[in-house]
Amino acid sequence: MKEKEKIHRTTIGGQALFEGIMMKGPEKTSMAVRKKDGEIHVEETPAPEKKWYNKAPFIRGSVNFVSQLTEGYKYLSRSMELSGALDDDGEEEMSKFEKWLDEKFGDKITGVIMGISMVFAIALAVVLFMFVPTWLFMLLSALFGETDISAFQSLFEGVLKIVIFVSYMALVSLMKDIRRTYEYHGAEHKTIACYEKGLPLTVENVKPQRRFHPRCGTSFLFLVLLISILVYSVFPITNAFFITAFGVNDTIAMILRVASKIILLPVIVGISYEIIRLAGRYDNILTRIISAPGLALQRLTTKEPDDSQIEIAIAAMERVIPENKETDKW
């Protein structure tokens, strides 16, 4: 009990980058990246002033999620530049398309590519997590003929989305570059845990810490999937509902179902955000149950880091720790 009381639960969070880590504190955001020559490059920017919608319960969830998503892509793009991942070694001649991109966008090409990638990623997420489950349930309903199984649609789609999500995480973890990113993810969590225990930020102190954290983005996304099952079960927006209420065909009903899920998404994100805030603030049987699935999934999305990766996490963390400990208290 005494050990729990010593824990300083912080609002500081981070993100694994390409050969680097971004840490976001109450006053500053910093990014540390390992360059090709081995040097640690650190950049920091002041945190923007928080508006009312960044603090309002249930509203702040969606606002902060979109903000973190766009900010994360910006830092990921910058880390690729600094780490030399985009350097041309001169072994291959640029294609006509690459030359055209270089002429049109010049130094901005990385941002353009990352922006396009982000659009494709969002589109893929909508297809995989919105259209595919609804479409498969429509096919399943056809197999059952006149038997009404619409009451199970939200449960079926929710379980399928979780399977898709976990399978995707497991598959990409097999890629060499992604595995290194997961190692930096582990370094980020360990460093935050070390800070929360009040220990000096050294490699020796960070290394033995747990690489799982209840406020992790992975846990948040998994929680969103779980909450979506409950929310979509409460609202009668099944395919059968739209067919009966509006007299539409199966295809239109599927489209309306997907559109309704997109409209309800901010509600789901808002609820999930408040729940994960509670899980990060308190340590009791309820919060442990809530955190358990996400913490288990972090066994896929975090890996044990080496000393050099921990050094990166410490370099990023040290820049965002406020002088007044009350400022970053969770």
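Which helix lies across β1, β2 and β3? In this predicted model, that place is taken by helix α6, residues 176–196, which runs at about 160 degrees to β1. To place this helix, it helps to begin with the sheet itself.

The sheet is open and has 4 strands, which follow one another in the order β1-β2-β3-β4 and pair in antiparallel fashion. Its edges are formed by β1, covering residues 13–17, and by β4, covering residues 40–46, each of which pairs on one side only. From one strand to the next, the twist averages 15 degrees. Within the sheet, strand β3, made of residues 28–34, runs antiparallel to β4 and is joined to that strand by 7 bridges; as one example of the pairing, Ser30 has Glu44 in β4 as its bridge partner.

Helices also pack on this sheet. Helix α2, residues 59–83, touches β1, β2 (20–24), β3 and β4, and its direction makes about 30 degrees with that of β3. Helix α12, which comprises residues 307–320, is another element in contact with the strands, since its buried residues pack against β2, β3 and β4 as well as against α6 and α7 (203–206). The buried residues of α12 are Gln309, Ile310, Ile312, Ala313, Ile314, Ala315, Ala316, Met317 and Val320. The length of this helix can be checked by a simple estimate: at 1.5 Å a residue, its 14 residues should span 20 Å, and the end C-alpha atoms of α12 are 21 Å apart, which agrees.

The same kind of estimate can be made for helix α8, residues 217–234, whose 18 residues should span 26 Å at 1.5 Å a residue; the end C-alpha atoms of α8 are 26 Å apart, so the two values agree. Among the buried residues of α8 are Phe220, Phe222, Leu223, Val224, Leu225, Ile227, Ile229, Val231 and Tyr232, and the buried set also includes Thr218, Ser219 and Ser228.

A further step leads to a pair of helices, α5 (residues 153–172) and α11 (residues 285–301), which pack with their axes 8 Å apart and at an angle of about 30 degrees. Because angles under 35 degrees count as roughly parallel, α5 is described as roughly parallel to α11. Where the two helices meet, Phe165, Val166, Met169 and Ala170 are contributed by α5, while Leu297, Leu300 and Thr301 come from α11. Sorted by class, this contact of α5 with α11 has 6 nonpolar residues and 1 polar residue, with no charged residues.

Note on methods: Residues are numbered from 1 along each chain as its sequence is written. This is a predicted model: local features need pLDDT of at least 70, side-chain atom pairs count only at pLDDT 80 or more; totals for chains, interfaces and linings use all residues. Side-chain values use heavy atoms; hydrogens and water are left out. Two strands pair if DSSP finds at least two bridges between them. Axes are lines fitted to C-alpha atoms, for helices over the stretch in contact, and angles run from 0 to 180 degrees between N-to-C directions. Contact means heavy atoms within 4.5 Å. Angles under 35 degrees count as roughly parallel, over 145 as roughly antiparallel, 65 to 115 as roughly perpendicular and the rest as oblique. Ala, Val, Leu, Ile, Met, Phe, Trp, Tyr, Cys and Pro count as nonpolar, Asp, Glu, Lys and Arg as charged, and the others, Gly among them, as polar. The expected span of a helix is 1.5 Å times one less than its number of residues. Buried means under 20% relative accessible area, exposed over 50%, partly exposed in between (1.4 Å probe, protein chains only).
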